[in-house]
Amino acid sequence: MSIRTRFAPSPTGMLHIGGVRTALFSWLYARRHGGVFILRVEDTDRERSTEEATRVILDGMQWLGLTADEGPYFQSQRMDRYREVIERFLSEGLAYRCYCTKEELEAMRNAQLAAKQKPRYDGTCRQRSAPRPGVDPVVRFKNPLDGVVVVEDAIHGRIAFANAELDDLIIARSDGSPTYNFCVVVDDLDMRVTHVIRGDDHLNNTPRQINMLQALGATPPVYAHVPMILGADGAKLSKRHGAVSVLQYREEGYLPEALLNYLVRLGWSHGDQEIFTLEEMIQKFDIADVNKSASAFNPEKLLWLNQQHIMRATPEYLAGQLKPHLEALGVEVTDLARLAAVAKAQQERAKTLKEMARNSVFFFAEVTEYEEKAAKKNLTTESAAALGAVREKLAALETWAAPAIHEAISQVAAELGTGLGKVAQPVRVAVSGGSISPPIDVTLEILGRDTVLERLTRAMDWIARATPNKG
C-alpha cells in the first residue's frame, strides 16, 4: 500500500506551531515510507477564512521546506463534488432533510439538559418525507442507531464509540453549503488518504467520519491523533506562550530546520538525541513512537536549538538566511561571498539571525556614531596613540589576512607595554562602533584594508574633537 498523508489547515486563523507540528509529522511519515504528502486548505467557512491566513499557510510551508507532492487543494473549489455526494446520500436513504427550526432545536436541548441527558438531535425528521412550508431544511446524515465504531488509533490505541451516543450530523446547512466533517470525508476518499495524522481535538469527529466513509463503501484510513501542545504553565497554548504565526519565527531569526527539530521532539523522541537534521528526522521518525500525553512548549529550548543549528550550518547557507534580516535593517548586500565570511565569523555567538544581522550591520554600512559607553571607555586620548600605531602597521602589511593582522596588533601591544585587549578593544570600537564583534583579526580581514584604515582615521579625529583644548 502506498502511504498517502495530508495536512488540512483551515485559514480561519494563522498557522501556528501546533499546526506546523501536525504538518511535520504527516510529512515525515510520508517521506519515510516513500509516500505522498498532500496539502489541502479547508476554506469552506467563507465568513471566517481570510486571504492573509491562506498566504501564511502557503508561505509558512514553503519556508519550512514541507513541500507537498499534491496540492494545494482548496475545498472552496470542490463544491460541485460535495453537492454530488449529498445528493447520493439523499437518494440512497443515507441522509435526510431536517425541517426543525432553531427554536425547536433549542427547546429540545433544554428539555434534555433538564432531564440530565446528553444534548443531541433526537431524529424528529428522520422518517419525514413531506417538506415543511417556509422552512429551508438542513441535510443530516443517518448515523447508525446501534453498534459501535472502533478507532484503532496509531497513538492512543483502540477506542470505541457507541453509535447510540452519536446524533445525526448536519452535512449541509440550510443554504446548501456543506459542513466541515462531511467535506473532510469526501476529500479523504477522493484523495485516497491512507493515514490521517491530526490533533486529538479532532478525535470526537472520527467516529462520525468513519460512519460516513463506510456508508460510501470506503475503507477508513488509519488515524493518529496527536496530543496538544501546552504552555510551560500547563495551560492551553496561547499567544503569550508562543502560539503566533509561524512566519513570526522567521521574522525573529529562527532557522526553519531548528523550528522543525524543536517541534519533532515535542512528543516524540529517539533515545537521548536532541539535535536532528531533516534527513535524520525522515530516517528515524515513526508515528507509533509519539507519546500519548501533551507536551509543554519551552521557548528557551527552542532558542538553544536555534543556536545549535546556526553553529552547524554552512556559512553559505547562513548567508542566504541572513540577507533578508540585514535588508530589514536597511542594509542591501550584493557581495554574497563577503556575507558568507561575516556569517562564518558570527555563527559561534549568535542565537538568532536577527541578532546576527544587528551585530553585522557595520560590515556593510558606514559607522557614523559610536556607542556612548563603549566610546567613553575605549576612544580616549590614551587609546589614540594605540590606534595610530595600529593604523601605521596595518597600512604597511603586505598580506591582508587575519594572521598578519593579529601579529601587527600584538606588536603594537608589546611596543606599548600593555595587554592585547587594551589595543584590540579600541580598534574594535573604532571599526564597528560598539564593543562587540567577532575576533578582531577576522573582523578587520573581512572589512578590508581601505575601510579599516579609514575608520581608524575617523576614530582618531573623533577623539581629537572630543578632547577639550587645554592650550
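1. Let me start with one residue, Thr451. Its relative accessibility is 25%, so Thr451 counts as partly exposed; the band for that label begins where buried ends, at 20%. Please keep in mind as you read on that this is a predicted model.

2. Where does Thr451 sit? Thr451 belongs to helix α19, which covers residues 449-466. If you would like a distance to check on your screen, take Thr451 and Glu355: their C-alpha atoms are 23 Å apart, with the two positions 96 residues apart along the chain.

3. Now for the whole chain. The protein contains 19 helices and twelve strands. Its C-alpha trace extends over about 110 × 45 × 40 Å along the principal axes. The radius of gyration is 32 Å, whereas a compact globule of 471 residues would come out near 23 Å.

4. How much of the protein is buried? Of its 471 residues, 49% fall into that class. As for contacts with a separation of 6 or more, 76% of them link residues that lie 24 or more positions apart.

5. A helix pair is worth a look next. Helix α1 (residues 17-32) packs against helix α8 (residues 256-264) at an angle of about 85 degrees, and the two axes lie 10 Å apart. That angle falls in the 65 to 115 degree range, and α1 and α8 are therefore roughly perpendicular to each other.

6. Which residues make this helix contact? From α1 come Ile17, Val20, Arg21, Leu24, Phe25 and Leu28, and these meet Leu259, Leu260, Leu263 and Val264 of α8. By class, the contact of α1 with α8 has nine nonpolar residues, one charged residue and no polar ones.

7. Finally, have a look at one of the sheets. Three strands form an open sheet in the order β4-β5-β8, and their pairing is antiparallel. The edges are taken by β4 (95-98) and β8 (170-172); each has a single partner strand, so one side of each has no neighbour in the sheet. On average, neighbouring strands here are turned by 45 degrees against each other, with direction ignored.

8. To see the pairing up close, follow β4 and β5. Strand β5 spans residues 138-141, runs antiparallel to β4 and is joined to β4 by four bridges. A handy place to find this pair is Ala95, which stands opposite Phe141 in β5. As a reminder, strands of a sheet pair through backbone hydrogen bonds, in either a parallel or an antiparallel way.

Conventions. Residues are numbered from 1 along each chain as its sequence is written. This is a predicted model: local features need pLDDT of at least 70, side-chain atom pairs count only at pLDDT 80 or more; totals for chains, interfaces and linings use all residues. Side-chain values use heavy atoms; hydrogens and water are left out. Two strands pair if DSSP finds at least two bridges between them. Helices (H or I, at least four residues) and strands (E, at least two) are DSSP runs, numbered from the N terminus. Axes are lines fitted to C-alpha atoms, for helices over the stretch in contact, and angles run from 0 to 180 degrees between N-to-C directions. Angles under 35 degrees count as roughly parallel, over 145 as roughly antiparallel, 65 to 115 as roughly perpendicular and the rest as oblique. Contact means heavy atoms within 4.5 Å. Ala, Val, Leu, Ile, Met, Phe, Trp, Tyr, Cys and Pro count as nonpolar, Asp, Glu, Lys and Arg as charged, and the others, Gly among them, as polar. Buried means under 20% relative accessible area, exposed over 50%, partly exposed in between (1.4 Å probe, protein chains only). The radius of gyration is taken over C-alpha atoms; the globule rule is 2.2 Å times the number of residues to the power 0.38.
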